[in-house]
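Student: I am new to this structure and should like a close look at a single part of it. Please describe the salt bridges and the helix contacts that accompany them in one connected account.

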Amino acid sequence: MSHLPSDSINHPTLHYTESGKGAPLVLLHGFLGSSAYWDELVPLLSAHYRCITPDLRGHGRSLAPEGSYRIEQMADDVIGLLDHLELPTATVLGHSMGGYVTLALAEQHADRLDGWGLIHSTPHEDAPQAKENRLLAVSKINSQGIAAFTDGIVEGLFAPASLEQLPKAVQKVRELGYATPPQGACGAALAMRERPDRREVLATSTQPILLVAGAQDGLIPAERLFTSEGPNISAHTIETAGHMGMLETPTELAGIIRDYLG
């Protein structure tokens, strides 16, 4: 486990883990998560790839400044990490909120990417009701605490069968949510609320792109992810996964990622 020195609030300390050797692969976790979201997946990839899993701003063991964040700011944090690791380029795959960060990287720092992908994520901006829900989330976190908010959303992240068959995975996600600094969760919620629509980034990028949806994802249905087709886009649906394929179906997801990288 390593740390990125901090120079300013725009490049906060990012805690990250590394495993394996080979071409660099950066995995960005979702809201209320941490690098631990990838614990089941990394051992399946690290034999051939250098897996780098940071805790994004406001999450895990990274700094969690007060105030609202911006997705573009979180993307700049990742560029700061690549600079720290002296990596001119890497492949970046983002889960959910991490996908929003990945899209910002593809828009603003395409020269630093060998390829990129979205896992249970979407290039769409928040719909009006979703924007309102972000504000309600901040209100609930501030009034009732991060644990109550986490308890209200965790089960909805998983396919129904996963809730019964993978209780340890569900509890892991619950505990990672509990451990998220409340101000970090609020800052990230506001960042997601204000992010722009980036369907054009997906439609116009010529880089190798991976899109992975869960057929039982109750948060982001496949049609909100598969907004473009092209020879550079590899699209997959995991039939038994909800929103947490890296924990629900790690072997299947790892195979999809290996095929994409290969």
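Tutor: Arg198 is buried, because its relative accessible area of 3% is under 20%. The model is a predicted one, and within it Arg198 forms a salt bridge with Glu72, the closest N and O atoms being 2.8 Å apart. Arg198 lies in the loop between α8 (182-194) and α9 (199-204), whereas Glu72 belongs to helix α2 (residues 71-84), so the pair ties together parts that are 126 residues apart in sequence. Glu72 is buried as well, with a relative accessible area of 16%.

A second pair involves helix α5. The side chains of Asp151 and Arg174 meet in a salt bridge, at 2.9 Å from N to O. This pair links distant parts of the chain, since Asp151 is in helix α5 and Arg174 in helix α7, 23 residues apart. Asp151 counts as partly exposed, at 37% relative accessibility, while Arg174 is buried, with a relative accessible area of 15%. To return to the first pair, salt bridges that share partners join Arg70, Glu72, Glu107 and Arg198 into one network.

A third pair is formed by Glu18 and Arg50, whose closest N and O atoms are 2.6 Å apart. Here Glu18 is in strand β2 (residues 15-19) and Arg50 in strand β4 (residues 49-54), 32 residues apart. Glu18 is partly exposed, with a relative accessible area of 37%. The count of salt bridges comes to twelve.

The helices named above also have contacts of their own. Helix α7 (residues 167-179) contains Val173, and Val173 is buried, with a relative accessible area of 3%. Leaving aside neighbours within four places in sequence, Val173 is in contact with Tyr37, Val154, Leu157, Phe158, Met244 and Leu247. Of these partners, Val154 is 19 residues from Val173 in sequence and 7.1 Å away in space, C-alpha to C-alpha.

Helix α5 (residues 146-153), for its part, packs with helix α4 (residues 128-144) at an angle of about 135 degrees, with their axes 6 Å apart. The two helices are therefore oblique to each other. In this contact, Ala137, Lys140, Ile141 and Gln144 in α4 meet Ile146, Ala148 and Phe149 in α5. These residues divide into five nonpolar, one polar and one charged.

Definitions and conventions. Residues numbered from 1 in each chain as written. Predicted model: local features only at pLDDT ≥ 70, side-chain atom pairs only at ≥ 80, totals over all residues. Heavy atoms only, no water. Helix = DSSP H or I, 4+ residues; strand = E, 2+ residues; numbered from the N terminus. Buried < 20%, exposed > 50% of the residue type's maximum accessible area, 1.4 Å probe, protein only. Contact = heavy atoms within 4.5 Å. Axes fitted to C-alpha atoms, helices over the stretch in contact; angles between N-to-C directions. Parallel < 35°, antiparallel > 145°, perpendicular 65-115°, else oblique. Nonpolar A, V, L, I, M, F, W, Y, C, P; charged D, E, K, R; others polar. Salt bridge = Lys/Arg side-chain N within 4 Å of Asp/Glu carboxyl O.
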